[in-house]
Amino acid sequence: MALTVRAQIIALAEKIGAPVVTTFKAKGLVPDRHPLGGGVLGRSDTQIASWFMNDADVLVAFEASF
């Protein structure tokens, strides 16, 4: 059975132990209650999402424009 995009992203995050932050459009992709869920980054960002982004050594982005 094929996994959803959400399930694939969560599985990858869990495998490599990486937090996930999203844009506002992708809010909820990784639930806020998930240990690796970092919330939204951008105009309406959360403090934890900003901290994760500022502390990151590597970013893996899917369907993002910078």
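Two exercises on a predicted model follow, each with a worked solution.

Residues are numbered from 1 along each chain as its sequence is written. In this predicted model, local features need pLDDT of at least 70 and side-chain atom pairs count only at pLDDT 80 or more, while totals for chains, interfaces and linings use all residues; side-chain values use heavy atoms, with hydrogens and water left out.

**Exercise 1.** Describe the fold of the protein chain and state how its radius of gyration compares with the globule rule.

*Solution.*
Step 1. List the secondary structure: the protein chain has two helices and two strands (DSSP runs, helices being H or I with at least four residues and strands E with at least two, numbered from the N terminus).
Step 2. Put these in sequence order, which gives α-β-β-α.
Step 3. Compare: the radius of gyration is 11 Å, close to the 11 Å that the globule rule gives for 66 residues, so the protein chain is as compact as a globular protein of that length. The radius is taken over C-alpha atoms, and the rule is 2.2 Å times the number of residues to the power 0.38.

**Exercise 2.** Which residues form the largest nonpolar core, and what does Val30 touch?

*Solution.*
Step 1. Apply the definition: a nonpolar core is a set of buried Ala, Val, Leu, Ile, Met, Phe, Trp, Tyr and Cys residues joined through side-chain atoms within 4.5 Å. Buried means under 20% relative accessible area with a 1.4 Å probe, protein chains only.
Step 2. Name the six members: Ile9, Ile10, Ala13, Val20, Val30 and Leu36. H1 gives the largest share of this core, three residues.
Step 3. Leaving out residues up to four places away in sequence, Val30 touches Ile10, Val20 and Gly37 (contact means heavy atoms within 4.5 Å).

Note on methods. Buried < 20%, exposed > 50% of the residue type's maximum accessible area, 1.4 Å probe, protein only.
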